[in-house]
Amino acid sequence: MRSILLFALIALTLVSCKNETKSEYLKSYFTYKDNNNVESAGVKMIPIKTPVGEFKVWTKRFGSNPKIKILLLHGGPAMTHEYMECFETFFQREGFEFYEYDQLGSYYSDQPKDSSLWTTERFVEEVEQVRKAIGADNNNFYVLGNSWGGILAMEYALKYQKNLKGLLVANMVASAPEYGKYADDVLAKQMKPEILAEIRALEAKKDFNNPRYMELLVPNFYQEHLCRLKEWPDGLNRASKHVNGEIYTLMQGPSEFGISGRLAKWDIKNRLKEITTPTLMIGAKYDTMDPKAMEGQSKLVQKGRFLYCPNGSHLAMWDDQKVFMNGVIQFINDVNTNKF
């Protein structure tokens with residue numbers, strides 16, 4: 001009887017210690033040590049210097065982990081962090097420190113009107129300033145960019161990879177002309193001819209504000225290649241409502257169906273060989289871009305891996321979530337433990 005009581009006491013002590021350890025870990029993970037006494041759930045407006053003045057960008061920090069700090073780069077350009085909120089549960093379960101972030105011009109950040117700000121080069125300098133503000137360096141800094149965010153991530157790596165631990169490019173090819181060609185030669189041909197003809201007629205007249213344009217694109221393109229979930233996630237719906245259309249159109253063009261803005265001739269494919277940072281390229285079967293091109297990119301960088309999402313589209317983080325998140329988490333853990 002005494003041995004049973006002793007065993008029970010030991011077990012209770014171990015459980016108590018385990019719970020106390022877990023409690024201490026959680027307390028540490030969610031303590032951000034801000035410079036003031038007001039806690040703001042990790043939200044911080046970071047000052048950004050630009051050629052035309054100083055502005056602020058919105059960021060939100062999750063967790064505390066000196067070994068892994070991940071900056072999420074949303075697409076658009078000028079969408080918002082909201083459609084990337086799906087990372088919250090996955091990354092917090094892993095104990096990663098990560099940051100949601102609205103780039104300058106996006107809904108939760110300052111929105112200056114000077115059009116000279118909307119260049120890839122200027123956005124790269126913005127990311128570098130955000131990196132410094134969050135205290136990340138090449139021992140812990142990971143950049144994960146989706147769509148336009150993938151362009152920004154690759155461009156950042158080409159200039160500042162000395163500050164990177166890992167690079168993740170989700171659903172973005174390294175050549176805008178290839179993106180446009182795939183839309184014309186492959187995806188357009190999957191539409192019904194009469195639907196495509198009406199879309200092209202509206203585009204020829206530049207009648208992009210005509211409600212009919214999106215009435216045609218949403219069911220025939222967006223729901224096929226942007227997000228294939230029957231009901232779009234709340235975060236994606238909010239991001240869509242909050243997009244800065246002026247910046248989006250200026251840089252991307254009027255829609256996701258090809259590219260015609262300032263980014264139309266962007267192409268760094270022949271420079272991928274310069275990237276020595278461990279890199280994950282992510283492609284999906286139903287993406288707006290050719291997944292084979294993204295697989296090829298993983299072989300052009302010096303330390304690459306490819307993740308294929310067989311049920312995913314441009315937002316595979318949502319419509320092929322298990323494959324996407326498992327692959328992303330595995331990559332980050334492998335790089336962090338030198339198993340990559």
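Okay, let's start at Ala78, which is in the loop between β3 and α2. This is a predicted model, by the way, so keep that in mind throughout. Ala78 has a positive phi, about 75°, even though it isn't a glycine. And is Ala78 buried or exposed? It's buried, because its relative accessible area is just 4%, and the cut-off for buried is under 20%.

Right beside it in that loop between β3 and α2 we have Pro77. The peptide bond going from Gly76 into Pro77 is cis, and omega there is near 0°.

There's another residue with a positive phi that isn't a glycine, and that's Ser147, at about 60°. You'll find Ser147 in the loop between β5 and α4, where α4 covers 148-160. Ser147 counts as buried too, because its relative accessibility is 7%.

Now, the sheet. How many strands does it have, and in what order? Eight, in an open sheet, and the order reads β1-β2-β4-β3-β5-β6-β7-β8, with mixed pairing. At the edges you've got β1, residues 43-50, and β8, residues 304-309. Each of those has a single partner strand, so one side of each is left without a neighbour in the sheet. Going from one strand to the next, the twist averages 25°.

Let's walk across some of the pairs, beginning with β1. β1 and β2 run antiparallel and are joined by eight bridges. They make a hairpin, with two residues between the two strands. If you want a spot to look at, take Met45, whose bridge partner in β2 is Trp58.

Next along, β2 pairs with β4, again antiparallel, over five bridges. Here Thr59 stands opposite Tyr101 of β4.

Further over, things run the other way: β5, residues 141-146, and β6, residues 166-170, are parallel, with five bridges joining them. Val143 has Leu167 in β6 as its bridge partner.

So what packs on this sheet? One helix that does is α2, residues 87-94, which touches β2 (53-62), β3 (69-73), β4 (97-102) and β5. The direction of α2 makes about 155° with that of β4. Helix α12, residues 321-336, packs on the sheet as well, and it touches β3, β5, β6, β7 (279-284) and β8. For α12, the angle with the direction of β8 is about 165°.

On to charges. How many salt bridges does the count come to? It comes to 18. I'll pick out a few.

Glu97 is a good one to find on screen. Its side chain meets that of Arg61 in a salt bridge, at 3.6 Å from N to O. Arg61 is in strand β2 and Glu97 is in strand β4, so that pair links distant parts of the chain, 36 residues apart. Glu97 also forms a salt bridge with Lys69, this time at 2.8 Å, N to O. Lys69 lies in strand β3, so this pair ties together parts that are 28 residues apart in sequence. And the burial? Arg61 and Glu97 are both buried, and Lys69 is buried along with Glu97.

Then there's Glu126, over in helix α3, residues 120-134. Glu126 is buried, with a relative accessible area of 0%. What forms a salt bridge with it? That's Arg122, with the closest N and O atoms 2.7 Å apart. The two are four residues apart in helix α3, about one turn of the helix, and Arg122 is buried as well as Glu126. Leaving aside residues up to four places away in sequence, Glu126 touches Ile48, Val57, Tyr101, Gln103 and Leu104. Take Gln103: it is 23 residues from Glu126 along the chain, and their C-alpha atoms are separated by 8.1 Å.

One more on charges: Glu82, Glu85, Asp234 and Arg238 are linked in a network of salt bridges.

Last stop, the surface. Tyr25, Leu26 and Phe30 form a nonpolar patch there, and together they have about 290 Å² of accessible area. Leu26 belongs to helix α1, residues 2-29. Why does Leu26 count as partly exposed? Because its relative accessibility is 37%, and partly exposed is what you call anything between the buried cut-off, under 20%, and the exposed one, over 50%.

Key:
Residues are numbered from 1 along each chain as its sequence is written. This is a predicted model: local features need pLDDT of at least 70, side-chain atom pairs count only at pLDDT 80 or more; totals for chains, interfaces and linings use all residues. Side-chain values use heavy atoms; hydrogens and water are left out. Patches are made of residues with over 30% relative accessible area and no salt bridge: like charges are joined within 9 Å, nonpolar side chains (Val, Leu, Ile, Met, Phe, Trp, Tyr) within 5 Å. Accessible areas come from the Shrake-Rupley method with a 1.4 Å probe; for residues, only the protein chains shown count as cover. A salt bridge is a side-chain nitrogen of Lys or Arg within 4 Å of a carboxyl oxygen of Asp or Glu. Buried means under 20% relative accessible area, exposed over 50%, partly exposed in between (1.4 Å probe, protein chains only). Two strands pair if DSSP finds at least two bridges between them. Axes are lines fitted to C-alpha atoms, for helices over the stretch in contact, and angles run from 0 to 180 degrees between N-to-C directions. Contact means heavy atoms within 4.5 Å.
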